[in-house]
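Student: I would like a close look at a single part of this model, namely how one of its helices packs against others, and then an account of how that part sits among the cores, salt bridges and unusual peptide bonds around the rest of the chain. Please take it slowly and keep the pieces connected.

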Amino acid sequence: MTQKYDVAIVGAGIVGLAHAYHVAKSGKRVLVLERSPRAQGASIRNFGMLWPIGQPPGEMDTLARRSLEIWLQVLQASGLWHARCGSLHLAYHEDEEAVLSEFAGMSPERGCSMLSPSEITSRFSAVSGRGLRSSLLSPTEVTVDPRQIVAELPNYLSREFGVHFEFGARVIDYSQPRLLTVNGEWIVENAIVCTGVDFRELAPEAFADSGLVPCKLQMMRTPPTSQFLGTMIAGGLTLRHYKSFANCPSLPKVIERLDREMPEYHRYGIHVMAAQNGLGEIIIGDSHEYGDAIEPFDKPSIDAMILSYLQTLLKLDVEIASRWHGSYVKHPSEPFMIAKPRPGLTAVTGLGGAGMTLSFGLAERVVLDSFSPLCASGRGEK
């Protein structure tokens, strides 16, 4: 007998799990279909940073904060490890210090504070005080372990909301209400596709001219260590990467200096950050190669540049236990893409590197709208 569900979620990465949570919480019967024995894409290949500070003011900052609010509800209810450790942007140059000070003054609602070198090194012993000028401390950001989240959140959703998961079930086609997989057929009234870099598979017509660009990143992880970061760490390279700093008057000076002194870092989109999980492992990264520049082969030189810059930020005895690369897609100007190409089908992709940060907030928005008439146009929508 063919089984029936109200909604099928295609993809069990964090975006898919967030959609499953919101749909199931609304009282609907939910099926999650994942092509692999376990999700193993971008959702487990990241820092585990819930990072509102990276989002620009206005709509995206509001969405990130709402997402974090829901994240905390889910984390507390599920008992999954997380640390409300905030973030620390370190300034070792006068222009970096100026940007951080400007940001704090322009965004008082974020609750950030500027710390002196002595305040920083007394609170965060792993931070290098050599040449340190000041730092921006934000209380908002939260760390999770993405491997644990993606592995264990399905159990919580099944237990608490009756979500049914089918792993190793690649979806071949969906024509409302029939959803065909390699394992058989399902009857579902609506389907939400959250397949990341494989976004074209079920809705190629929706994204033919979307402008989405693939991105490859390289990252590393240390073994468990007794060295304690106490917060998530970012350096001056990060100021040019996140749009939240784009309106700071001193940012062009930072970019001009970095292009002059460290052109290879910009060539590979390197901005160095570090986060520590509940096991004591420190996740380090990352780089960004786009479009035709992407190769299947990792570049040891990129890892070396990341580690070299990290040594200017932290006093760490760095031993690397694992290295990997991840991939995602992003749009040149839009923060995400939502498409409704045919009746009953919604596709969500293009969150770029903000998938962990925005997932639960964006999923809430999509689920509220998913049963409305097809979108004609709108920000990030087709």
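Tutor: What follows begins with the packing of one helix and then moves outward to the rest of the chain.

The model is a predicted one, and the part to start with is helix α1, which spans residues 14–25. Two packed helices are described by the angle between their axes and the distance between the axes. Against helix α2 (residues 59–78), α1 packs at an angle of about 80°, with the axes 13 Å apart, and α1 is therefore roughly perpendicular to α2. On the side of α1 the contact is made by Ile14, Tyr21, His22 and Lys25, and on the side of α2 by Ile70, Trp71, Gln73 and Val74. By character, the residues of this contact comprise five nonpolar, two polar and one charged.

The packing of α1 with helix α5 (residues 146–161) has an angle of about 10° and axes 11 Å apart, so α1 is roughly parallel to α5. Here α1 contributes Ile14, Leu17, Ala20, Tyr21, Ala24 and Lys25, which meet Ile149, Val150, Leu153, Pro154, Leu157 and Phe161 of α5. The residues of this contact divide into eleven nonpolar, no polar and one charged. Tyr21 takes part in the contact with α2, and Tyr21 also belongs to the residues of α1 that meet α5.

From the helices one can turn to the nonpolar cores. In soluble globular proteins, nonpolar side chains tend to be buried together. The largest nonpolar core in this model has 59 residues, and those with the most contacts inside it are Leu90, Val127 and Leu314. Helix α8 (residues 300–313) gives the most to this core, supplying seven residues. Apart from this core lies another, of 48 residues, which includes Tyr21, Val142, Cys194 and Ile338; Tyr21 is thus a link back to the α1 packing described above.

Val127 shows what the surroundings of a residue in the largest core look like. With neighbours within four places in sequence left aside, Val127 is in contact with Leu88, Leu90, Tyr92, Ile120, Thr121, Leu132, Ile233, Leu313, Leu314 and Lys315. Among these partners are Leu90 and Leu314, the two residues named with Val127 for having the most contacts inside the core.

Another residue to examine is Met232, which is found in strand β14 (residues 232–234). Met232 has a relative accessibility of 0% and so counts as buried. Not counting residues up to four places away in sequence, Met232 touches Met49, Trp51, Cys85, Gly86, Ser87, Leu88, Glu141, Val142, Thr143, Ala274 and Ala275. One of these partners, Ala275, lies 43 residues from Met232 along the chain, yet their C-alpha atoms are separated by 4.8 Å. Leu88 is a partner of Met232 and likewise of Val127, while Val142, another partner of Met232, is one of the residues of the 48-residue core.

Charged side chains add a further set of links, for the structure holds 24 salt bridges. In one of them, the side chains of Arg147 and Asp145 meet at 3.7 Å, N to O. Asp145 is buried, with a relative accessible area of 9%, whereas Arg147 is partly exposed at 31%. In another, the side chains of Asp298 and Lys216 meet at 3.1 Å, N to O. This pair links distant parts of the chain, 82 residues apart, with Asp298 in the loop between β17 (289–290) and α8 and Lys216 in strand β13 (residues 213–221). Lys216 counts as buried, at 2% relative accessibility, while Asp298 is partly exposed, with a relative accessible area of 36%.

A salt bridge of 3.4 Å, N to O, joins the side chains of Glu264 and Arg267. These two residues are separated by about one helical turn, because they stand three residues apart in helix α7 (residues 263–267). Arg267 is exposed, with a relative accessible area of 54%, and Glu264 is partly exposed at 34% relative accessibility. Elsewhere, salt bridges that share partners join Asp95, Glu96, Glu256, Arg257, Arg260 and Glu261 into one network.

Finally, there are cis peptide bonds to consider. The bond from Gln176 to Pro177 is cis, with omega near 5°, and Pro177 has its place in the loop between β10 (171–175) and β11 (178–181). The bond from Gly285 to Asp286 is also cis, with omega near -10°, and Asp286 is in the loop between β16 (282–285) and β17.

Notes. Residues numbered from 1 in each chain as written. Predicted model: local features only at pLDDT ≥ 70, side-chain atom pairs only at ≥ 80, totals over all residues. Heavy atoms only, no water. Core = buried A, V, L, I, M, F, W, Y, C linked by side-chain atoms within 4.5 Å. Buried < 20%, exposed > 50% of the residue type's maximum accessible area, 1.4 Å probe, protein only. Helix = DSSP H or I, 4+ residues; strand = E, 2+ residues; numbered from the N terminus. Contact = heavy atoms within 4.5 Å. Axes fitted to C-alpha atoms, helices over the stretch in contact; angles between N-to-C directions. Parallel < 35°, antiparallel > 145°, perpendicular 65-115°, else oblique. Nonpolar A, V, L, I, M, F, W, Y, C, P; charged D, E, K, R; others polar. Salt bridge = Lys/Arg side-chain N within 4 Å of Asp/Glu carboxyl O.
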